[in-house]
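Reader: I would like a close look at one part of this chain, its surface patches. Please describe how they sit in the chain as a whole.

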Amino acid sequence: MTTLAYLIPVALFLGALGLAGFLWALRCGQYEDLDGAAERILIDRDEPRS
């Protein structure tokens, strides 16, 4: 039972830490251009060799 008393606050702390990280990523604009990263891989920037 004492182990449960330690695990519940640790789980709540880790959940709050994950939520804070997600909110920080939203505030910094990490999720603004989701299509750009998907399309950027298709662009061939190398010049054709002759």
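**Charges and surface patches**

Author: The chain carries 4 positive and 7 negative side chains, and 7 Å separates the centres of the two sets. This is a predicted model, and every value below is computed from it.

The charged patch comes next. E32, D33, D35 and E39 form a negative patch on the surface. One of these residues, E39, belongs to helix α2, which covers residues 34–40. E39 has a relative accessibility of 52%, and because exposed means over 50%, E39 counts as exposed.

There is also a nonpolar patch on the surface. L19, F22, L23, L26, Y31 and L34 make it up, and together they have about 600 Å² of accessible area. Which helix gives the most to the nonpolar patch? Helix α1, residues 2–27, does so, with 4 residues. F22 is a residue of helix α1. The relative accessible area of F22 is 40%, so F22 is classed as partly exposed. That value lies between the limits, since buried means under 20% and exposed means over 50%.

Between the two helices lies a loop. Q30 is found in this loop between α1 and α2. With 54% relative accessibility, Q30 counts as exposed. Q30 can also be placed relative to L19, a member of the nonpolar patch. The two residues are 11 residues apart along the chain, and their C-alpha atoms are separated by 15 Å.

Past the second helix, the segment after α2 contains I43. I43 has a relative accessible area of 47% and is therefore partly exposed. How far apart in space are I43 and W24, C-alpha to C-alpha? They are 30 Å apart, with their positions 19 residues apart in sequence.

Now for the chain as a whole. Its secondary structure consists of 2 helices and 0 strands. The C-alpha trace spans about 75 × 25 × 10 Å along its principal axes. The radius of gyration is 21 Å, whereas a compact globule of 50 residues would have one near 10 Å. Buried residues make up 4% of the 50 residues. The accessible surface of the chain comes to about 5100 Å², and carbon and sulfur atoms account for 63% of it.

To return to the patches: the negative one is formed by E32, D33, D35 and E39, while the nonpolar one takes 4 of its residues from helix α1.

Technical notes. Residues are numbered from 1 along each chain as its sequence is written. This is a predicted model: local features need pLDDT of at least 70, side-chain atom pairs count only at pLDDT 80 or more; totals for chains, interfaces and linings use all residues. Side-chain values use heavy atoms; hydrogens and water are left out. Patches are made of residues with over 30% relative accessible area and no salt bridge: like charges are joined within 9 Å, nonpolar side chains (Val, Leu, Ile, Met, Phe, Trp, Tyr) within 5 Å. Accessible areas come from the Shrake-Rupley method with a 1.4 Å probe; for residues, only the protein chains shown count as cover. A salt bridge is a side-chain nitrogen of Lys or Arg within 4 Å of a carboxyl oxygen of Asp or Glu. Lys and Arg count as positive and Asp and Glu as negative; His and the chain ends are not counted. The place of a charge is taken as NZ of Lys, CZ of Arg, CG of Asp or CD of Glu. Buried means under 20% relative accessible area, exposed over 50%, partly exposed in between (1.4 Å probe, protein chains only). The radius of gyration is taken over C-alpha atoms; the globule rule is 2.2 Å times the number of residues to the power 0.38.
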